[in-house]
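Please find below a colleague's note, written for someone meeting this model for the first time.

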Amino acid sequence: MKRRHFIKTLGGLAGMGLAGGLYAWQIEPFWLEFVRLPLPVKNLPEHLAGKTLMQISDIHVSKLINRSFLLRSFQRAAALQPDFVAYTGDYISIVDGHVPYRELDAVLQHAVKGRLGTFGILGNHDYGINWKQQQVADNISDLLHRRGVILLQNDQKEVSGLNFIGLDDLWGINFAPWRVMQRYDPSKANILLCHNPDVCDLDVWNRYEGWILAGHTHGGQCKPPFLEPPVLPVRNKRYTAGKFDLAANRTLYINRALGHTVQVRFNVRPEITLFELQRA
């Protein structure tokens with residue numbers, strides 16, 4: 001009887017492991033969560049109070065990503081009619097040397113647009129192999145421009161009284177935050193876009209106060225309950241996902257990513273964030 005019970009137990013554990021693997025592979029990577037949060041902004045004009053800012057990050061178009069999932073997600077997001085949309089990098093992944101320009105353009109035809117403005121920055125994957133291919137970044141930038149995304153590369157743009165500051169990627173070859181931060185105007189209503197949250201620990205901010213919207217980590221993609229994710233592509237392992245209060249009146253928000261580089265997620269659902277702008 002003891003032997004029979006032992007075999008049953010092993011069989012049950014094997015079944016649970018198989019079910020968990022199928023869940024992490026086939027269910028959670030496509031179980032999108034819309035996270036809704038208030039976003040208080042200093043100097044926000046009255047007419048923007050109550051408007052919405054949507055953050056979409058790390059779509060990672062490649063032959064490994066389910067394009068139907070991305071398009072369904074964009075359709076659901078567009079139905080929310082955001083006033084502003086911010087894309088925080090990593091539009092592609094290169095797999096077996098293939099740069100998916102055509103696939104990305106097909107996805108961007110359905111990209112979510114803000115009623116007042118649509119902005120984007122580049123991520124490390126948008127710089128190609130080893131994050132050092134300028135031509136790849138240029139081609140992706142052209143696709144984004146053609147599809148109505150205002151790309152900010154160490155630059156800023158004000159629309160309807162809200163100023164978006166965009167830093168180029170930390171690991172890329174054009175990281176030069178001082179080009180825009182030396183023009184930082186604290187009297188404006190500012191939102192800063194930065195793909196890799198490790199930038200928050202660098203001395204580049206020129207007294208910037210306000211929100212920093214980032215991506216890059218995917219929340220680790222797999223996270224044991226009540227524990228931190230075991231794998232994170234950042235030096236500061238504190239930067240997993242969600243909201244972080246930083247020094248000098250800065251607030252970081254890390255989006256968990258819509259896409260993935262490897263189709264597996266556990267306890268870290270894909271995310272699109274919808275912020276409600278408030279006067280701070």
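The points below take up the nonpolar cores and then one helix.

1. This is a predicted model, in which local features need pLDDT of at least 70 and side-chain atom pairs count only at pLDDT 80 or more, while totals for chains, interfaces and linings use all residues. Residues are numbered from 1 along each chain as its sequence is written, and side-chain values use heavy atoms, with hydrogens and water left out.

2. The largest nonpolar core (buried Ala, Val, Leu, Ile, Met, Phe, Trp, Tyr and Cys residues joined through side-chain atoms within 4.5 Å) has 33 residues, and those with the most contacts inside it include Ile59, Phe74 and Leu258. Among the elements giving two or more residues to this core are helix H3 (101-108), helix H4 (134-146) and strand E12 (271-279) (helices are DSSP runs of H or I, at least four residues, and strands runs of E, at least two, numbered from the N terminus). H4 gives the most, with 5 residues.

3. Leaving aside neighbours within four places in sequence, Ile59 is in contact (heavy atoms within 4.5 Å) with residues including Phe74, Tyr91, Leu104 and Leu258.

4. In H4, Val136, Ala137, Ile140, Ser141, Leu143 and Leu144 are buried (under 20% relative accessible area, against over 50% for exposed and partly exposed in between, with a 1.4 Å probe and protein chains only). Seen down the axis of H4, the buried residues fall within an arc of 160° (taken from the directions from the helix axis to the C-beta atoms), so they line one face of the helix. On the other side, Gln135 and Arg146 are exposed.

5. The buried residues of H4 pack against H3 and strand E5 (150-151), and H4 is followed by Gly148, whose phi is positive, near 85°.
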